[in-house]
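This report takes up two topics: how the copies meet and what lines the main pockets. Please view the model with both in mind.

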2 protein chains.
Amino acid sequence: MNDTSRRRRQRTGSVAVQRRWRKLRYAFAPIEPMSPNEIELVHRSAMSVLEEIGMRIQDGQARSILRDAGFRVDEPAEHVFFDAERVMELVAKAPSIATVRGLDPAKRVVMGKGHFALTAVGGPPFVSDLENGRRYGTFEDQTNFLKLTAQSDLLQIMGGTCVEASDLPAETRYLDYYLACCSLSDKPWKPLTIGHHRARDAIEMAKLWYGETEDQLAADPVFFLNTNTNTPLVLDRDIAQGVIEYARLGQPITVTPFALAGAMAPASVAGALVLQTAETLACCALVQSVRPGAPYIYGAFICNADMRTGSPAFGTPEYTFGAQASGQMARFYGLPWRSSNVNASNAPDAQAAYESMMSLWGAMTGQASVFNHGAGWLEGGLVGSYEKFILDLEMLGMMVACQTPPAITEAEIGMESIREVGPGGHFFGTGHTMERYKTAFYAPLVSDWSNFENWQDRGSLNATQRAAKVCKDMLAAYEPPPLDPAKIEALEDFVARRKREIVAARDL
Amino acid sequence: MNDTSRRRRQRTGSVAVQRRWRKLRYAFAPIEPMSPNEIELVHRSAMSVLEEIGMRIQDGQARSILRDAGFRVDEPAEHVFFDAERVMELVAKAPSIATVRGLDPAKRVVMGKGHFALTAVGGPPFVSDLENGRRYGTFEDQTNFLKLTAQSDLLQIMGGTCVEASDLPAETRYLDYYLACCSLSDKPWKPLTIGHHRARDAIEMAKLWYGETEDQLAADPVFFLNTNTNTPLVLDRDIAQGVIEYARLGQPITVTPFALAGAMAPASVAGALVLQTAETLACCALVQSVRPGAPYIYGAFICNADMRTGSPAFGTPEYTFGAQASGQMARFYGLPWRSSNVNASNAPDAQAAYESMMSLWGAMTGQASVFNHGAGWLEGGLVGSYEKFILDLEMLGMMVACQTPPAITEAEIGMESIREVGPGGHFFGTGHTMERYKTAFYAPLVSDWSNFENWQDRGSLNATQRAAKVCKDMLAAYEPPPLDPAKIEALEDFVARRKREIVAARDL
């Protein structure tokens, strides 16, 4: 690492420092557990799956696009067989990095080639906090999670719905979510990928929010999209529609197979990796068939079932290896790739922390380009946890700090202070210490390093209880960004109109 | 990784699997954050510290040995100046691996050159568990920790005292500890390094336990010794005596500076690394002066003070970097090196878990040769925690599993099962799954992956509460190894005699 990047080193941790925006980059080489021969075997096997078994693609338009791109389609069976050579031709058209931007063009988020982005949890139906327990998520909860996301510039992309707003009508709540993203932050946001209309409305709202044409949005993308196959080997109709719509506009998209080894994938990491590779490359081929050169992010989510209960496990050694191996496959194809910060704990406890750490270290050492579910995921993704969100911000802060190693220079070594202190002294008051003690080390958000007596005097709060307090403080301190009121009004009008149209269409 | 080692892959986790002894090895290249120029700068600076500032060596015999080895000694000031070239000549005599063995010669523990060993916590005055809270440790606690250590073959070396037996007389309790090590397990054990007599008695007891002469113990070492300098730049008299005594017998020893950046070392990781390197190499020079070629392990323990309170922090990003950088320095000198699994939390909670993970990943990616305090450390080392011990066994199990990556072979991929299941099916009942579901994945000790309802029905226990239960079960299941009763009797007689002698000498 060169001196310039050392000088630019920015410390993370503490609420204030979480707000400091910076480009996130890896400082070291990745850990690469598979040999070149093993990578080749996974590749060849994935190609065999695509050619010989193929995928069920449940959307007619998607099948038609793939047929036009040269793939064999069994229309009555909704089945597509993917010629390996043609898949690889298409995959080669995808760029090795993807970018998105919010309203501030200086804060461009780069994914791939050593750059990474972190995002908050997406999708849980339930929400929990220590005070109120576990319950269905509401729009207020969703808004709270978005406010927390807005306040940490480690999280550079808003949303992924955070938690479902189950108190709002199912068919229109995506509009409330989009409007919240546009109102609460100036960061780029993740719209939904389910169905043509959810994509079209996101694009219309982006045109209003950015004040740009579709061509401008396409030329310099704004959305990061994340969606899933139905592993094994099925692409759902609504998801295919969303993928096609965003691909038309060249927005970065990742389609992630849920390669749950022992359940939806073979009971081996190797088998899950093959299936994952086959499915995400098929979706890459679809995206490239729609718009050659559109950014596509290899979707990785290998985990394994607990073979006693069938429940998915996350943050296991297999998960860590799966992340590192997925990184190798993505680099083999020249694609950015997506990983996650996940765990299977039912409480925001020690298990949640160590499983998250196993996920994060897997993704970091595998050099993921984007971390989905970076903050707030609990209980295998069924719950968005307020306390876990804060604990995750701490863990993300530490992981980011690990990628900005301290300077090793004569000035930092401080030989004069070592000489001055000599044998048996201490460094508390030296000039060298006084110059740097405020910023020398990571400043934590939740971690308490005080001695037992002081900790006890303050109520013996564990890390989860302290996280609850930090969370309340952050929500109380939230302030909206300066946004053009006319734009927000236009967005509100758009949302109101679309809601009327959707309700009217339903009532026909 | 070759197929043979893949086939030998042994799964960790669960009480049964914790008992499966295996050689611990790294599977990947280390993470090396410093450039060759930075390593050189640290080295040159450490040499300057040794030459120009030197160390206070508080033991006359040690100074005399160092004088005979060619170093300049200021006797009235108890000060030794270390010529850099001579230090490097001596360091070059130390081997790049160290081994220890217990009663079973097949279970040889190797440290260095890609091999590593894990040990339990050493030294805390306090002990804690959820039921009884925090209190001074007793001999019963120490025995319990040793029984837990005996039961996990991830921990291949007994002791380090675990917790202090404060209910026994301070001057003779080391004898009770040695006897407990000899009675509770057949693994090698860590005697104390404080004072000549504690070393001599350990050696006498080893002669009885192994049934060997000193020459035999020296030819094939049995003890792993860990001790400390008084940073900055002081070597305590009693510690020097212990070091010399064990060095005479060629037993592997690590002397670890407590390089607390901002307190006992400069307020920078770079400065702490220089001071640590200087001190541990000075002790290596002492060991090599006593017995050229004796195994010596570079001692690393860089951490930083919380600059608001002065308390030490552990498992921070600086700690992780410090571990990786220490690994680079040790490899630069061709020495094995020691790291730790540490945290500064006051409770066995999420903070304890994520800080431990930061320590463990630093040590693992830096490829430490031996992990001190691998299980049970809490509250910056003031407390041995029963629950943390168990949580650590889980984390160690996962870390070890990460170093034994799953096989990527055609058999593991299971193309036939992917074909058989096809789009939209599941893999629960396939032959491929049935063949491997019992052993395919890491089996946890504490982690609970069941769904929320089942977890709630069982009492909504968090990971720490479940660890308490696992701990009780393990202690209840403890069985002593088959040991020769005559040997144990001889050891008991020895301990009784030595206690009488020590008390008589005190009463003179």
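The two copies meet through the same surface, because 100% of the interface residues of chain B are also interface residues in chain A. The model is predicted. Chain B superposes on chain A by a rotation of 180° with 0.0 Å of shift along the axis. The RMSD is 0.1 Å. That is the relation of a two-fold axis. In chain B, B:Ala350 has the C-alpha nearest the axis, at 2.1 Å.

Now the pockets. The largest has a volume of about 1100 Å³. Its lining counts 49 residues. Closest to the centre of the largest pocket are A:Gly122, A:Gly123, A:Pro124, A:Asn228 and A:His373. Both chains contribute elements to this lining: helix 7 (173-184) and strand 11 (225-228) come from chain A, and helix 18 (452-457) comes from chain B. Each of these elements supplies at least two residues.

The second largest pocket has a volume of about 890 Å³. Its lining has 36 residues. Nearest the centre of the second largest pocket lie B:Gly122, B:Gly123, B:Ile194, B:Asn226 and B:Asn228. Here the elements that give two or more residues are helix 7 (173-184) and strand 11 (225-228) of chain B.

The table splits each lining by residue class.

| Pocket | Nonpolar | Polar | Charged |
|---|---|---|---|
| Largest pocket | 20 residues | 22 residues | seven residues |
| Second largest pocket | 15 residues | 15 residues | six residues |

Methods: Residues numbered from 1 in each chain as written. Chains lettered and ligands numbered in written order. Predicted model: local features only at pLDDT ≥ 70, side-chain atom pairs only at ≥ 80, totals over all residues. Heavy atoms only, no water. 1 Å grid on protein atoms, 1.4 Å probe; cavity = no way out; pocket = protein on both sides within 12 Å on 5 of 7 lines; lining within 4 Å. Points joined across faces, edges and corners; volume = space filled by probe spheres on them. Helix = DSSP H or I, 4+ residues; strand = E, 2+ residues; numbered from the N terminus. Nonpolar A, V, L, I, M, F, W, Y, C, P; charged D, E, K, R; others polar. Least-squares fit on C-alpha atoms with pLDDT ≥ 70 in both. Contact = heavy atoms within 4.5 Å.
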